[in-house]
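Let's take a friendly walk through this protein. Have a look at the picture first, and then we'll go through it bit by bit.

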Amino acid sequence: MAAKARIAVIGAGLMGHGIAQVFALAGHDVTIHDQLAANLDSAKTRILANLKDLGDDQSAVERVTPNADLAAAVRDADYVVEAVSEDLALKQRLFAEIERHVQPATILASNTSVIPITRIMEGLRDRSRALGTHWWNPPYLVPLVEVIGTQWSSQAAIDWTIALHKAAGKMPVHVKKDVPGFVGNRLQHALWREAISLVERGICDAETVDTVIKASFGRRLAVLGPLENADLVGTDLTLAIHQTVLADIESRAGPSPYLESLVKQKKLGFKSGEGFRKWGADAQAALRSKVLQHLKQARASDA
Ligand SMILES: NC(=O)c1ccc[n+]([C@@H]2O[C@H](COP(=O)([O-])OP(=O)(O)OC[C@H]3O[C@@H](n4cnc5c(N)ncnc54)[C@H](O)[C@@H]3O)[C@@H](O)[C@H]2O)c1
């Protein structure tokens, strides 16, 4: 991987501007494209505000060039990462268009949250250079990037992408099979399914679910993964626990009817002021700020 690569980020929303920021801070030249002028025009302002807030080198923003023309934005890129809205047809159309304009060796990545990369890339002429890179929000604070290969991805494209992210200070991992939700969101939503089920079954209320997690194993999770934990307590004890509890844990294949009923009642969480719990403006701001503060502290202690 070249020390200085040419990166194109397509989509200047929440994730796109943050991804551009990380690559620019790592010394790469970054072109950013969005079809929405308001988002494209504000991208550098948002990046600069983040750099200031984090105490990072503000001159990095000078390496970011917004471009309203998709073809021009990707033409010279070594690497293109897409972070547009989570819509399969849109992503398919976009990559077909991108492929018409890039160099033969350009690597193409999608930052989709859960759509299989295979579905997004299946129509491309050269699928060996296409893969997934799943970042977490905010991209400049959460270290993990899941690098997802499809059956067609070349090892060289995967290795190059992993090296690119490592050199930019991220923690890339290789996901070998392109399954929905990859690794992180599968694990996260396995937990959410049981969390919702506990409330649905009247075992405890929503606040209690969150308290139990935050005040117990959540405290350890950042330094003790579940499989490390299983080894720590012993696989024999883990087996004994599973023999007792697994049969009672939620295993339904579809979404919870309780969750469906919240959505039907327009209890949409922060955006409507109520979801599993009620959220006034102050409580929303306090929670957002607490999460951001926590992530900043974790980044500082990593450094
Ligand atoms: N928000 C998260 O926490 C998160 C985390 C990981 C992955 N993702 C994924 O990243 C992607 C982007 O998510 P986001 O949260 O940044 O969304 P967002 O809505 O903040 O940004 C999407 C951007 O894409 C732009 N866009 C839409 N159609 C376009 C087109 N045809 N050409 C160019 N730009 C176009 C929009 O104008 C917008 O600026 C999604 O696939 C999402 O699932 C999101």
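Is Asn111 buried or exposed? Keep that one in mind while we get our bearings; what you're looking at is a predicted model.

## The overall picture

The protein chain has 13 helices and eight strands. Its radius of gyration is 21 Å, close to the 19 Å that the globule rule gives for 303 residues, so the chain is as compact as a globular protein of that length. If you lay a ruler along the principal axes, the C-alpha trace spans about 55 × 45 × 40 Å.

Buried residues make up 40% of the 303. Take the contacts between residues at least 6 apart in sequence: 65% of them join residues at least 24 apart. On the outside, the accessible surface comes to about 16,700 Å², and 56% of that belongs to carbon and sulfur atoms. As for charge, there are 35 positive and 34 negative ones, and their mean positions sit 2 Å apart.

## Back to Asn111

Asn111 is buried, with a relative accessible area of 8%, and that is under the 20% cut-off. You'll find Asn111 in the loop between β5 (107–110) and α5 (117–121).

Who does it touch? Setting aside neighbours within four places in sequence, Asn111 is in contact with Met15, Ile19, Val81, Glu82, Ala83, Thr133, His134 and Trp135. Two of these partners, Met15 and Ile19, are buried residues of helix α1, which is our next stop.

## Helix α1, tucked inside

Helix α1 covers residues 14–25, twelve in all, and reaches 17 Å from its first C-alpha to its last, close to the 16 Å expected at 1.5 Å a residue. Ten of those twelve residues are buried, so α1 is largely enclosed by the rest of the structure. The buried ones are Met15, Gly16, His17, Gly18, Ile19, Ala20, Gln21, Val22, Phe23 and Ala24.

What do the buried residues of α1 pack against? The list is β1 (6–10), β2 (29–33), α2 (37–54), β3 (64–66), β4 (79–82) and α6. Following α1 comes Gly27, which has a positive phi, near 100 degrees.

## Helix α6 and the loop after it

Helix α6 runs over residues 155–167, so to speak a 13-residue stretch, and reaches 18 Å between its end C-alphas, close to the 18 Å expected at 1.5 Å a residue. Its buried residues are Ala157, Ile158, Trp160, Thr161, Ile162, Leu164 and His165. Just after α6, Gly169 takes a positive phi of about 85 degrees.

Next, meet Lys170, in the loop between α6 and β8 (171–175). With 10% relative accessibility, Lys170 counts as buried. Not counting residues up to four places away in sequence, Lys170 touches Val22, Trp135, Pro139, Tyr140, Val142, Pro143, Val145 and His165. Val22 is one of the buried residues of α1, and His165 is one of those in α6. Val145 is 25 residues from Lys170 along the chain, and their C-alpha atoms are separated by 6.8 Å. Trp135 appears among the contacts of Lys170 and also among those of Asn111.

## A look at Ser261

Finally, find Ser261 in helix α12 (residues 257–264). Ser261 is partly exposed, with a relative accessible area of 27%. Ser261 and Gly132 are 129 residues apart along the chain, and 33 Å separates their C-alpha atoms.

Terms used. Residues numbered from 1 in each chain as written. Predicted model: local features only at pLDDT ≥ 70, side-chain atom pairs only at ≥ 80, totals over all residues. Heavy atoms only, no water. Helix = DSSP H or I, 4+ residues; strand = E, 2+ residues; numbered from the N terminus. Rg over C-alpha atoms; globule rule 2.2 N^0.38 Å. Buried < 20%, exposed > 50% of the residue type's maximum accessible area, 1.4 Å probe, protein only. Contact = heavy atoms within 4.5 Å. Areas by Shrake-Rupley, 256 points an atom, 1.4 Å probe, with all protein chains shown as cover. Lys, Arg positive; Asp, Glu negative; His and termini not counted. Charge placed at Lys NZ, Arg CZ, Asp CG, Glu CD. Expected span 1.5 Å × (residues − 1).
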